[in-house]
Amino acid sequence: MLELGPMLRALMRNKIGALLIALQIALTLTIMVNAIFMMQERNRQMARASGVDEQNTFYLSNTVFGENYPLQSNLARDLDQIRKTPGVVAATQINAIPLSGGGWSMGLQTKPGDDVDGTGTAVYFVDTQGITALGVELLAGENFSESDISWRERTSNKWPPKIIITQKLAEKLFDGDWKKALGQTVYINNHDPMQVTGIVKSLQSPWNGWDNTEHASLVPSQLENKGSRLFIRTEPGRRDALMPQIEKMLADSDKQRIIRNVKTMTETRAESYREHQATNNILLTVIIVLTLITGFGIVGLAMFSINRRTRQIGTRRALGASQWQIMRFFMLENLLISSLGVVLGIGGAIGLNIWLVSTFAMTPLTPGLLLVGCAALLLVGQLAVSYPALIAARISPATATRGRA
Amino acid sequence: MFSYYLKLAWLSSKRTWGMSLLMVLAIALGIGAAMTTITVNYLMSANPIPQKSDQLFYVQLDAWDPNNPYFDNGDPPDQLTYRDATTLWQAKKAPRQSIATGAAGVIEPADKEALPFMAQGRANSADFFPMFDVPFLYGSGWDEQADLNKEFVVVITSEINDRLFGGKDSTGQTLRLAGKDFRITGVIKRWQPQPRFYDISTGAFQDSEEFFVPFSLMSEQILGQSGNNNCWKPTESGFKAYLDSECIWTQLWVELPTKAEVEQYQSYIDAYADEQHKFGRFARTRNNKLSDVMTWLEQREVVSEDASMMMAMALMFLTVCLLNTVGLLLAKFLGKASEIGVRQALGASRRDLFLQHLVESGCIGLAGGLLGLVLAWLGLEAVKSMYGDWMAELAVLDFNMVLLAILLAIGSSILAGLYPTWRACQVQPSQQLKAQ
């Protein structure tokens with residue numbers, strides 16, 4: 001039979017030492033499980049697709065400062081130059097960039113009226129090449145044609161008759177069935193009708209933390225603005241070479257404006273989730289260091305208790321206990337202590353999670369993660385104690401006959 | 001006596017160097033993590049203008065959608081409509097008042113070789129500078145007449161002044177901004193309040209502006225407005241309609257030195273809202289707020305959730321490290337039972353022994369604290385490089401934080417040493433001597 005009786009009696013004699021280890025394990029579990037959980041939530045957010053062909057797209061800001069600048073004809077000239085550049089797949093003027101943090105949102109509703117609750121959506125003004133330039137997938141309906149595109153002045157609040165929306169937005173507006181949306185009329189500005197002429201699979205809004213971040217709309221307008229952006233998609237692998245080339249071409253063609261902020265979508269994604277990534281790195285470091293500290297703490301205390309019991313161990317060896325039995329004794333002792341810690345830790349982890357949920361609007365913990373955490377810490381305990389236990393097992397039976405070691 | 005205890009502590013640590021190292025490391029890591037997160041939280045929640053934060057009040061009115069509150073918790077919107085802000089500003093019911101919004105424009109250097117560049121600015125009224133104690137290097141702000149006459153005057157930062165005028169006094173000179181000639185009235189020194197309390201609508205830790213122009217120019221459509229702009233009610237097309245709309249993009253601060261003035265101003269804005277209500281605006285229940293700087297920053301929760309969550313984690317982390325230390329100290333002191341027995345037999349009192357072991361724990365704490373400071377510095381550098389520019393001013397150890405780190409380290413290690421010390425003092429000398 002396993003030596004549970006003597007083991008418990010030995011533990012009771014050093015209650016505090018055992019309790020300290022148990023408490024450490026409990027707190028480690030509490031922090032570890034919640035930290036991993038927070039990391040998972042962020043990873044899920046970061047894994048969402050923006051809908052854009054991120055690898056092969058970039059954009060730039062075009063800021064005009066000259067007086068009496070022919071905005072319309074020069075935009076046409078710029079787009080024409082870009083589209084003719086070998087390696088460019090498509091280019092469009094656009095008012096905002098997905099994931100970038102700055103943009104325009106409006107409410108859409110299926111019935112007109114001031115008292116109808118609208119559904120929020122990001123608005124992207126694009127021309128006929130918008131869908132190709134972004135690289136979004138058209139699920140149903142059709143792209144805008146040349147005749148759909150109208151000019152929009154900076155302070156205008158008039159809306160063209162057509163709109164293309166994302167699948168998620170269509171589902172939200174039409175009771176979960178996006179197919180119903182095609183051809184329907186939606187209302188913007190509470191009263192102005194627009195017809196849904198196309199549905200795209202996915203396109204994220206400029207705000208990654210927004211509840212409606214999967215809601216986006218494409219509107220066929222060109223902006224008559226002194227500040228606007230051009231969004232460009234290239235053939236695979238040619239983006240990085242084309243970026244400086246196009247920047248220089250635009251900057252040289254016209255001295256009445258500044259071309260600035262030339263950025264890839266890959267950079268934009270990294271910037272957008274920079275804080276998420278940083279927080280995850282910190283959490284990961286905390287988990288690793290914490291586990292190490294707990295592990296070394298266990299090593300230290302086990303070494304100490306083995307040192308104190310050298311003669312006792314020697315006596316047991318002299319009385320016929322095998323090396324394996326000695327090792328098993330310390331491994332089991334640690335398992336017992338760790339189990340107590342894990343049980344306390346489960347309570348702690350759930351408690352901390354409840355606090356986090358109520359204070360920071362997080363979602364509750366999953367039981368699977370908690371179990372994995374428990375198993376991991378029991379394993380850490382066993383690994384940590386195995387070295388001191390090995391040393392204990394190597395104590396010579398002859399120690400029993402000597403004086404204090 | 002103290003130096004003798006120090007010597008004993010050193011000898012004892014040397015004898016069990018592995019354990020001592022483990023303890024110092026554990027405390028250092030705990031202190032490092034705690035100090036990194038405490039510093040970020042401390043700087044995020046700092047008072048950016050302590051000398052008069054209780055005299056500056058942010059004005060909030062609620063002219064928002066009657067069917068939907070602006071904030072879910074019912075707080076009024078965080079900015080004002082242009083028409084409300086200008087009406088209150090023109091009424092001059094406060095000794096000083098600053099109406100403002102973000103602005104942006106292209107600056108064209110006089111040197112034709114230099115490239116034009118985009119600059120972020122602020123459109124504000126004359127009182128902005130004296131109200132927020134903006135430090136001037138040369139010249140000053142503009143006067144109220146410049147606001148009323150929509151004069152093309154500008155205040156620039158020393159960075160812009162260095163770039164365009166080689167750092168010389170440029171007051172009176174011309175700056176080509178947004179296609180117009182502006183007269184420079186002043187150059188300000190580096191000024192970066194953290195949080196940037198006077199405008200947190202685009203985030204509380206943004207860089208401060210590169211130029212300042214009169215707010216009244218905003219109605220002339222010369223500079224672009226930058227920052228947040230939220231609308232709930234459809235507007236007509238055209239700039240005039242936009243200025244009269246229910247869109248919010250303007251901020252108003254008032255300086256009210258006495259309690260009586262605060263009450264007066266509150267009743268003034270209440271009366272204003274009630275009057276507007278009669279004309280069919282302000283359909284929501286009366287919801288006007290005057291908040292001083294710190295109340296305002298708390299209302300808008302400028303300390304990020306991540307930061308406070310991290311701090312909670314780090315403090316628990318420190319607790320684990322301390323539990324670790326308690327365990328190791330306990331092991332160490334109990335291992336010294338025979339030495340303690342000898343010292344007792346030679347006449348050391350329990351008080352002596354207690355002090356001796358507290359000194360030993362304190363030394364370990366001090367070593368851990370110093371190493372922890374190095375780790376905290378490394379941690380803050382890592383935070384800066386991972387989070388980016390806006391963290392740069394929030395990840396700096398100041399004197400208070402260094403002091404806190406040392407005290408926290410020594411205090412917590414002495415605390416951790418209390419129980420092991422007490423146990424050590426319970427040793428019966430006779431038993432120990434017998435066992436020798």
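In this predicted model, Thr63(A) stands opposite Ile258(A), a residue of strand β12(A). The strands around this pair, the helices that lie across them, the overall form of chain A and the nonpolar cores are described in turn below.

**The sheet of chain A**

Strand β1 of chain A, which spans residues 57–64, pairs with β12(A) over 6 bridges in the antiparallel sense. Both strands belong to an open sheet of 4 strands in chain A, whose order is β2-β11-β1-β12 and whose pairing is antiparallel. The edges of this sheet are taken by β2 (88–94) and β12 (257–264) of chain A, and because each has a single partner strand, one side of each is left without a neighbour in the sheet. On average, and with direction ignored, neighbouring strands of the sheet are turned by 20° against each other. In general, the strands of a sheet pair through backbone hydrogen bonds, in either a parallel or an antiparallel manner.

**Helices across the sheet**

Two helices of chain A that lie across strands of this sheet are set out here, each with the strand to which its angle refers.

| Helix | Residues | Strands crossed | Angle |
|---|---|---|---|
| α3 (chain A) | 71–84 | β1, β2, β11 (227–234) and β12 of chain A | about 160° to β2(A) |
| α7 (chain A) | 265–272 | β1, β11 and β12 of chain A | about 75° to β12(A) |

**Chain A as a whole**

Chain A contains 11 helices and 12 strands. Its radius of gyration is 33 Å, well over the 22 Å that the globule rule gives for 405 residues, so chain A is more spread out than a compact globule. Taken along the principal axes, the box filled by the C-alpha atoms of chain A is roughly 105 × 50 × 35 Å. Of the 405 residues of chain A, 53% count as buried, while about 18,200 Å² of chain A is exposed, with carbon and sulfur atoms supplying 57% of that area. Among the contacts in chain A with a separation of 6 or more, 82% are accounted for by residues 24 or more positions apart.

**Nonpolar cores**

The largest nonpolar core has 132 residues, and those with the most contacts inside it include Phe330(A) together with Leu56(B), Phe128(B) and Trp253(B). Helix α10 of chain B, residues 305–335, contributes the largest share of this core, namely 18 residues. A second core, separate from this one, has 49 residues, among them Trp89(B), Phe165(B), Cys247(B) and Leu290(B).

Notes:
Residues numbered from 1 in each chain as written. Chains lettered and ligands numbered in written order. Predicted model: local features only at pLDDT ≥ 70, side-chain atom pairs only at ≥ 80, totals over all residues. Heavy atoms only, no water. Core = buried A, V, L, I, M, F, W, Y, C linked by side-chain atoms within 4.5 Å. Buried < 20%, exposed > 50% of the residue type's maximum accessible area, 1.4 Å probe, protein only. Helix = DSSP H or I, 4+ residues; strand = E, 2+ residues; numbered from the N terminus. Pairing = 2+ DSSP bridges. Axes fitted to C-alpha atoms, helices over the stretch in contact; angles between N-to-C directions. Contact = heavy atoms within 4.5 Å. Rg over C-alpha atoms; globule rule 2.2 N^0.38 Å. Areas by Shrake-Rupley, 256 points an atom, 1.4 Å probe, with all protein chains shown as cover.
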